[in-house]
Structures are given as C-alpha cells and as structure tokens.
Amino acid sequence: MQISGAEILVRCLQEEGVEFVFGYPGGAVLEIYDAIFRQDKFKHVLVRHEQAAVHAADAFSRSSDKVGVALVTSGPGATNAVTGIATAYLDSIPLVVISGQVATPAIGLDAFQEVDMVGITRPCVKHNFLVKDVNDLAATIKKAFYIAQSGRPGPVVVDIPKDVTQHRAEFHYPDSVHIRSYVPATRGHSGQIKKAVNLLLEAKRPFIYVGGGAVQGRAEAEVTELVRMLGVPCTNTLMGLGAYPGSDSQFLGMPGMHGTYEANMAMQHCDVLVAVGARFDDRVISVPSHFLSRPKKIIHIDVDPSSISKRVKADIPIVGDVKLVLRDMLEQLKQSGGKPDAAALAQWWKQVEAWRGHNCLLYTPSDELIKPQAVVQTLYEVTGGQAIVTSDVGQHQMWAAQYYKFDRPKQWLNSGGLGTMGFGLPAAIGAQLANPNAQVACITGEGSIQMNIQELSTAKQYHTPVKVLALNNRYLGMVRQWQEFFYGTRYSESYMDALPDFVKIAEAYGHIGFKVENPSDVEPVLREAFSDKLKERLVFIDFRTDQSENVFPMIQNGKGLDEMDLPPHMRDIQQVPFENNRDYGNMC
Ligand SMILES: Cc1ncc(C[n+]2csc(CCOP(=O)(O)OP(=O)(O)O)c2C)c(N)n1
C-alpha cells in the first residue's frame, strides 16, 4: 500500500524508536505535522524557537545514549536551527534535524521561505541530504540515523521539500546501511596499542587527558580502570567532565584556559601523555609550540582519524572506538605483567600534590556578597552531586565546571565547542524529558538566559520541573573580565542595563521565582527549590552575585599552560620560574 512521504517519515522515526521530536511547525512541514497528529508512538515537543528545538534535542541525546531529533520548517525555521546544529557539530553530538523545504519545482526560484539549507549547513554538519524523490525518503532517514551515531557522532540534516511529503510510495525501511567510502573505525591497531602500553610502562611522569570523545564513546569504565591500574593522575576536559569521577583523588580537575593549576602544570610537565577522545583544543593547550617546549611523548586515541595530529603531532596515533581501544590496551597491560616505575611515580605524585596543595580554586568567602562559586558548591551539596547540570556560556559556565564535581558522564551538558549562549534552558528541558526522575539544574547568567528565556513557556507546557540558577552579576561577566584584563577596564557594552524582574518573568510563565541577595539565604532557598514540595515545579532563582568576581586560573591568549594568571593567594608562586621551584625537585 502506498502512503505519503509525511507518513513514511513518521514510520521511519517510529522504526528508529524515537521517543521525542522537538520542533516548530510551518507551511513546508504541515503534511508532516498532520501525520504526527495521526500517530501516538512518539511525542512532539513544541518549543518557542527553533534554536531551542535543536538544543533540546541535543541535550536529550547528551544526557542519554539516543539520537536527538528536531523538526523545523523551511526558510526562517531552518536558519533559526543553524546555531543549534553548529553547537552539536562542534561537540560531536548525534542529531537528526529534519527541515522542510519549498516544493521541488520551486527550488532555486527564490520562492517564499526558501533557503538553501544544504548549502547553509554544509560547513557545520556531519552530513546532509536533500530528498528529491519520495522513493528515497526511507533509505535516507535510515542513513541519517546511522551516520549521526556511528564513528565520530554529529548532526545530520535531512531537507525534505513539501511535495515529497505529499507524494506517495510503498514504505520499506531498510535493515542495514551501506555507504561507500564511509567506514567508521572500530578496533585500534594492535601493534600501536602495544607500543603505547610499553611507553606507558616506561614513563616517569605519565598523565592521562580525557575528552568529550570518552563521554560520547561511553568509555568511562575503561578510562577509570586504566587510570587506577596505572595509578597515574588524570584530567577531564570541559567536554570530558564525568568520564573519570570528579571527586576522585587521581583527578586533578579540568585543564586549559580556566583549568586548575595542578592539571595545567601536569599537562605541561608530563613525559608521556595519553589523549583519550580529546583534540588538543586551543582552549586546552593554548599554543602548541609552548605546549611542546617540554618534550613529551604523545599517545593519541580517537575514532576520527582527522582529529589525530591536527594541532599536535602524535607519537603513537591510535584510530579506533575509544572504548574498544582502551579495552585492548587494558588487556595488553594485564598480559604484559608490567608495572609502572613505582619510584618515579611516587616522585611525580609528590610534585603533583605540591601543585595541588596551593588550592587554586580557593576564593574569598563573604558574608555580604553572594560568591558565585559558593552557589555552585552549595548546589553540589544540596543535590548530593547527583544532578544533571546544564549551563550557558560565560563565567557561570566555568564556575559550574570547576566547582560541581561530576562523577559520571552525561551529567554535565554545555556548549563547549561553539560556546552558545542560550543553550542552557532548552538543554535542561531536553535532559529532563530524557531523565524524568533526575534533578536537573540549569546554571546560567542574566545575559545568557535572555537568549532563550521564552522556553519557560515550553517548560510549563511539558511539565519539566528544572531549576534555573541565574548567577546574576548584572554584567556580561566573561566579557567584563576580558575588558578588565585586556582593555584597560573599559567596559564597552558589557553592562546589562534595564534588566527585567526575573521573579515576575518566572511567575508570568506560571513558575516559581525567588530572588536571593543575602549569602545566608543561598542554601535555604536551594534546599526549598529541590524539596519534595517543589519537585513538580520549575523554580527560577535570581542570585544577585558579587559583580567583580573573576574566573581563576586563567591563561591569556598566546600564553602557555604554565603561564596562568593565578588567584590572589597564589600570585607569589607565579613569579618563581618553574625550574627554580623547589617543589619540583630533580624532575625536569
Ligand atoms: C550567542 C553568543 N553571543 C555572544 C557570545 C559571547 N559571550 C561569551 S560569554 C558572554 C557573556 C555572558 O554573560 P552572562 O550570560 O551574563 O554570564 P556571565 O559571564 O556573567 O556568567 C558573551 C557575550 C556567546 N558566547 N554566544
């Protein structure tokens, strides 16, 4: 029996086991919406802006192991979705984004609401398709899901003209996919893995650097086993937080621009570095030449061959699924019977502990002003470290990453690659739908929240009781920090004048709002927000925080990992050239 393209699409999504489609209707996709109306296998979540549809689908995926699905109309619907698509692309998140297109005869004629979605998204998708024939639709959707989640995950756009949704064809969903020239890597090369194991056993100052690839590749058990078996220190990048437990003593904190002193010093001074699903991003190692000025051997494991040796040349490249590579590595380590050099490791740990002893995340508490760091720490305590935390972009994002200890992957959701303000709230909604029983907190700034604040309405409609913590410093804080450091405190357009009353906004959307101005109220209000009484309610808390607080440590552009701007209590040690630092002993 022949069915319409729209019905075929709906059947495909059902075949893929899709539970939620995040979207927004329009003329080009009305056939699809009609087909959705006539089914009840998956739910559609109506957002208030297409960017939010993609962020919510993205976070649905980030907080589960499923592919996120978004549906938008042609023209402005499609272009509104582009920021969300680029966000998912830079963080390697598997998404299928379906966009409507004008009817095939109108394509290229500047028809009403026509944009070249395939052309616009080409640089920020893993792959994209324009379906011109209804007979190709089912196979294309199958391919889209396969490409999105295999190898290095990423967003796939399927652009469907309106007439294709109306044309009829037999429905046949393929069982498998074969795409010529697309063969994602699986097992790593055993010879390379052996070399890596030998190098690790010879290392005097080994260090393990874990990125978002380990989170997406669900390699947390293997990462943890390797770090513990070798007894070495490790770091998780902003995207890798949770891959190794953040509260464990072998974890040194996050590396990079706002990484900890100990993680950055260990990155710079190790002799063997294992990069697991991490890409030596500029926000992590800063300048490659400085990073490599300390000789070290690099083992780089990644599923994407094009990521290896892109910024930093790997001595031992291993292309493969990180989980499978680490399993093989652990197996070879066990078989070899070898043990790391205990004496050298003890020396290395002595050095690491000396670095850690400076307590670089210490800040000055206050009875008068709410310290943003204290809000995050209190959130951690109140939620017992169990919440799924989304963030927006800015100082609050860095404090969230530094002060909430993430013990499991897929618990920390943020836009690390693109740095998209407006991600936090729709992401929290997506994460709550994927994890209905979890506590979900969105840590945001008063600037970021206003980029997608309309999603408070979506949260009301779909009963997603997320807790929004706005660290309101009345500044675009991260911009202010840079202007303070690099532009002679000329705060050009970084002051958020005419801020709304967030409590009233929350209430206007039907939620609960609190304003907190006194440090002594931080904990009681958070406890109330997460209490059983408000379990079913979205709570928006406007924390009036210290306006002058800055994020430390910080590495300025062009500086190396051991050239951090440190917090006031550590300023003296910065002056000591590293070679003369007595803590370091004879290790250089
Ligand atoms: C869409 C978008 N526009 C601009 C920026 C640049 N930017 C990065 S951080 C920041 C300030 C964020 O301010 P706020 O949300 O209030 O957070 P705070 O830094 O004060 O914690 C800006 C404007 C961005 N990352 N994303």
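This is a short walk through a predicted model, from its ligand site to its salt bridges and a few backbone details.

Let me start with the ligand. The shell around the ligand holds 17 residues. Closest are Gln-395, His-396, Gly-419, Ser-448 and Gly-477. What is the make-up of that shell, in nonpolar, polar and charged residues? It has 7 nonpolar, 9 polar and 1 charged.

Now the backbone contacts. Gly-477 puts a polar backbone atom 2.7 Å from an oxygen atom of the ligand. Gln-395 does so at 2.8 Å, again from the backbone to a ligand oxygen. For Tyr-475, a backbone N or O atom sits 3.1 Å from a ligand oxygen. How much of the ligand does the protein cover? On its own, the ligand has 590 Å² of accessible area, and the protein covers 76% of that. Three helices each give two or more residues to the shell: helix 17 (395-403), helix 19 (446-449) and helix 21 (477-486).

Next, salt bridges. As a general point, side chains of opposite charge can pair when their charged atoms come close. The whole structure has 23 salt bridges. I will take three of them.

Take Arg-62 and Asp-58. Their side chains form a salt bridge, 2.4 Å from N to O. Both residues belong to helix 3 (residues 50-62). They are 4 residues apart, so about one helical turn separates them. Are these two buried or exposed? Arg-62 counts as buried because its relative accessibility is 5%. Asp-58 is buried too, at 0%.

The next pair is Arg-218 and Glu-220. Their closest N and O atoms are 3.0 Å apart. Arg-218 is partly exposed, with a relative accessible area of 25%. Glu-220 has 19%, so Glu-220 is buried. The cut-off matters here: buried means under 20%.

Then Arg-228 and Asp-248. This salt bridge has its closest N and O atoms 2.9 Å apart. What does the pair tie together? Arg-228 is in helix 10 (residues 220-230). Asp-248 is in the loop between strand 10 (234-236) and helix 11 (261-269). The two parts are 20 residues apart in sequence, and the pair ties them together. Arg-228 is partly exposed at 42% relative accessibility. Asp-248 is buried at 19%.

There is also a network. Asp-65, Arg-218, Glu-220 and Lys-410 are joined into one by salt bridges that share partners. So Arg-218 and Glu-220 come up again here.

Now a charged residue without a salt bridge. Arg-205 sits in the loop between helix 8 (190-202) and strand 9 (206-210). Arg-205 is buried, yet has no salt bridge. Which side chain of opposite charge is nearest to Arg-205, and how far away? It is Asp-271, at 4.8 Å. A salt bridge here needs the atoms within 4 Å. What does the Arg-205 side chain reach instead? It reaches the backbone oxygen of His-269, at 2.7 Å.

Another buried residue with a backbone contact is His-511. Its place is the loop between helix 22 (502-508) and strand 18 (512-516). The relative accessible area of His-511 is 6%, so His-511 is buried. Its side chain reaches the backbone oxygen of Leu-456 at 2.7 Å.

One more buried residue: Lys-467. Lys-467 belongs to strand 17 (residues 467-472). It counts as buried, with 4% relative accessibility. Measure from Lys-467 to Asn-435, C-alpha to C-alpha, and you get 14 Å. In sequence the two are 32 residues apart.

Last, the backbone. Most residues other than glycine have a negative phi, and most peptide bonds are trans. Here are some exceptions.

The peptide bond from Phe-552 to Pro-553 is cis, with omega near -10 degrees. Pro-553 is in the loop between strand 19 (539-544) and helix 24 (571-575).

Asn-359 is not a glycine, but its phi is positive, about 50 degrees. Look for Asn-359 in the loop between helix 15 (342-356) and helix 16 (372-382). Asn-359 is partly exposed, at 40% relative accessibility.

Ala-498 is not a glycine either, and has a positive phi of about 55 degrees. Ala-498 is in the loop between helix 21 and helix 22. Is Ala-498 buried or exposed? At 72% relative accessibility, Ala-498 is exposed.

That is the tour. Thank you.

Definitions and conventions: Residues numbered from 1 in each chain as written. Predicted model: local features only at pLDDT ≥ 70, side-chain atom pairs only at ≥ 80, totals over all residues. Heavy atoms only, no water. Near = heavy atom within 4 Å. Polar contact = N/O pair within 3.5 Å; in protein donor to acceptor, adjacent residues only side chain to side chain. Areas by Shrake-Rupley, 256 points an atom, 1.4 Å probe, with all protein chains shown as cover. Nonpolar A, V, L, I, M, F, W, Y, C, P; charged D, E, K, R; others polar. Buried < 20%, exposed > 50% of the residue type's maximum accessible area, 1.4 Å probe, protein only. Lys, Arg positive; Asp, Glu negative; His and termini not counted.
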